[in-house]
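Me: I'm new to reading protein structures and would like a close look at one part. Could you walk me through some of the strands and how they sit beside each other?

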Amino acid sequence: TNQWFLPAVRGDIPPGCAAHGFVCDGTRILVFGGMVEYGRYSNDLYELQASRWLWKKVKPQAPSTGSPPCPRLGHSFSLYGNKCYLFGGLANESEDSNNNVPRYLNDFYELELQHGSGVVGWSIPVTKGTLPSPRESHTAIVYCRKDLGSPKIYIFGGMSGCRLNDLWELDIETMTWSRPETKGTVPLPRSLHTANVIGNKMYVFGGWVPQSAGGEISAHDGEWKCTGSFSYLNLDTAEWIGLISDCQEDKSNLLPGPRAGHCAVAVGTRLYIWSGRDGYRKAWNNQVCCKDLWYLDTEKPPAPSQVQLIRATTNSFQVKWDEVPTVEGYLLQLHADSPSVAGVPGTGVPETSVLSSQGGSSLHQSPQPLPSVPYPEMKVDHPSQTNNVIPNNNVNCKPDASRNTVHPQNVPEITVQVSLSSNSLLKVEGKEKVAAPENKITQETMKNHADATGFKEPNAPSLLPVCTSNRQWYDVGIFKNNNAVVSQFYLLPEEMLTLSNKMESADVLDYRLLKKQDLFPGTVYRFRVAAINGCGVGPFSKVSEFKTCIPGFPGAPSTVKITKSVDCIHLSWEPPASPSGNILEYSAYLAIRSTQLQENPSQLVFMRIYCGLKTSCIVTAAQLANAHVDYTSRPAIVFRISAKNERGYGPATQVRWLQ
């Protein structure tokens, strides 16, 4: 929803604190240490059960040898498995919080967690090698290579009288410290920066760095500044790569501004950056807290699951697919050259081939691969009426995969803009979007595009240029949500079709100049969909195939609901929106296990479990015992429901009941 909210927490609510340790273990959050009221340093440990918003102060057992961690701030607190690892920080040698005598720490503790909630106790692991030097305001991340499987903690930078840019590695299995040799340009010494692992890369952003990149590094306050520089370390090759340099100017405010003390969190392959202080006139104590939220897409999104049919008419489809997290939109394409398929539910032609089964049911085998997209709920909903995405006429279909794109977090009032440029940087402030000049979309552009395409209704797609590697695939549109009503697609001129086959990536196309083609009745269309984020268009899904209704045949039933009871399930639906006459009966089908499925897993075999006039039926436990569980995405049992009038059976609605 892109909306902040303040949860109503209860229990042992901790005091406000700064520079504390913070880890997230499933639905529980652990907070250790930091600076609390009146400048006092803390070594308290709190646990928040986020599923219940319940705080609890926990008291771990002391180590068997040595003392528990002393009060501190600026330490690192890292989670791996069922243990948290505490390193370093800043302690106050004076018992008087008003008389600060700093002591930099390099002690190392292990905190064992109980499953679900609670902690066991502290321990002091025996380590080999040379400990990192004392420091605070550093970063620590945990990384485990897939092929080697040895988890390691990496500590970078920090403050110890002067700022640091050294890298340390701890092998958790052998408890051995070492200093890896790195390639590339090491980021400037820094503190109060962030480091996050996505894939095999550690992304380092912001912090306090030297005022001058050259010359001697001095510890004087006036010679340090906040930075907006951005780098990553490839943890497999130990090579530093710079993304945004310290000296890079940003007069258009298209990059996250310089800051320190901010927070950053990885969600999938996207990195979110929030708040921090800007460091302006630090000596005057006149810094400003940033209130902007940015994100960085580090990889193209994965392929969505197959497109699934919700409803078919003589000249349109209502389709849906699984949502892909953290994407800007979805590119939907169709293939218009498929041969017609007859004789199975869902093809829009009368039922012609029925195989008897022992139970008196009817068995139907589909000679074509069937769509299989799991539904988040046991219900087929109407698509959202806000599918439109602002068109962007500056798209590179094959952006450089080694580059990353930083975007501001969208807010609900702003229509999502899809940017496929590999180096495009967008910023949102309040309700106003400021875009790079080459990507700026004006209201007039939107109006001209709408006038040209004729799509003015709220649920119509807007079109973006797309890659065309096969002349048989046509662009339907880019949709903000994971559903669409398809009644048209766009045709490329013959000269463009010939040219697009020779090019690795398509040039920017003006869809206002392209012809639109309506869908034909009784025609098979193949669909595929790809997700889009700031890095570009991801891979396409597997292909699904649907057929428009033949005039006179009924449409597909809609709004399928599945309700589970003790020993059976209840299946219900609504009549077709276009019955084209009187509905004589409905048929419900269940995908079942068969030897043919083992030979060709893409061809589901269906058994008819109901035939009658009612718009509901009971599926017994005995019938469910024969069900085929489809694992093409999330495990699900597949049902199909079709309606019959005087002409015959129309297309079936297919739903997946998640298991």
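Reply: Here is a walk through a few groups of strands, followed by a look at some single residues. Keep in mind that this is a predicted model.

Let's start with strand β12, which covers residues 163-171. Eight of its nine residues are buried, so the strand is mostly covered, going by the cut-off of under 20% relative accessible area for buried. On one hand, β12 pairs with strand β11 (residues 151-159), and the two run antiparallel with seven bridges joining them. If you want a spot to click on, try Met159, whose bridge partner in β12 is Arg163. Between β11 and β12 the chain makes a hairpin with three residues between the strands, and there Gly161 has a positive phi near 85 degrees.

Now follow β12 to its pairing with strand β13 (residues 176-178). This pairing is antiparallel too, with three bridges. Here Leu170 has Trp177 in β13 as its bridge partner. β12 and β13 also form a hairpin, with four residues between them, and Met175 in the turn shows a positive phi of about 55 degrees.

Next, move along to strand β15 (residues 201-205). It's mostly covered as well: four of its five residues are buried. Strand β14 (residues 194-198) runs antiparallel to β15, and five bridges join the pair. Asn196 is a handy marker here, with Tyr203 in β15 as its bridge partner. The hairpin of β14 and β15 has two residues between the strands, and Gly199 takes a positive phi near 65 degrees there.

β15 has another pairing to look at, with strand β18 (residues 230-234). Again the sense is antiparallel, over five bridges. To find this pairing on your screen, look for Met202, which stands opposite Leu233 in β18.

Further along the chain, there's an open sheet of three strands, in the order β23-β24-β32, with antiparallel pairing. The edges are β23 (308-312) and β32 (483-486); each has a single partner strand, so one side of each is left without a neighbour in the sheet. Ignoring direction, neighbouring strands of this sheet are turned by 20 degrees against each other on average. Zoom in on strand β24 (residues 317-320) and you'll see that it pairs with β32 over four bridges in the antiparallel sense. One of the matched pairs is Lys320 with Asn483, its bridge partner in β32.

Let's swap sheets for a single residue. Asp630 lies in strand β43 (residues 629-630). Its relative accessibility is 5%, so Asp630 counts as buried. The side chain of Asp630 also makes a polar contact with the side chain of Arg656, at 2.5 Å.

Last stop: the cysteines. A disulfide is a covalent bond between the sulfur atoms of two cysteines. Searching the whole structure turns up zero disulfides. Take Cys289, which is in no disulfide: the nearest cysteine sulfur belongs to Cys290 and is 7.4 Å away. A disulfide would need the two sulfur atoms within 2.5 Å, so that pair doesn't qualify. As for surroundings, Cys289 is partly exposed, with a relative accessible area of 43%, whereas Cys549 is buried at 1%.

Technical notes:
Residues numbered from 1 in each chain as written. Predicted model: local features only at pLDDT ≥ 70, side-chain atom pairs only at ≥ 80, totals over all residues. Heavy atoms only, no water. Buried < 20%, exposed > 50% of the residue type's maximum accessible area, 1.4 Å probe, protein only. Pairing = 2+ DSSP bridges. Polar contact = N/O pair within 3.5 Å; in protein donor to acceptor, adjacent residues only side chain to side chain. Axes fitted to C-alpha atoms, helices over the stretch in contact; angles between N-to-C directions.
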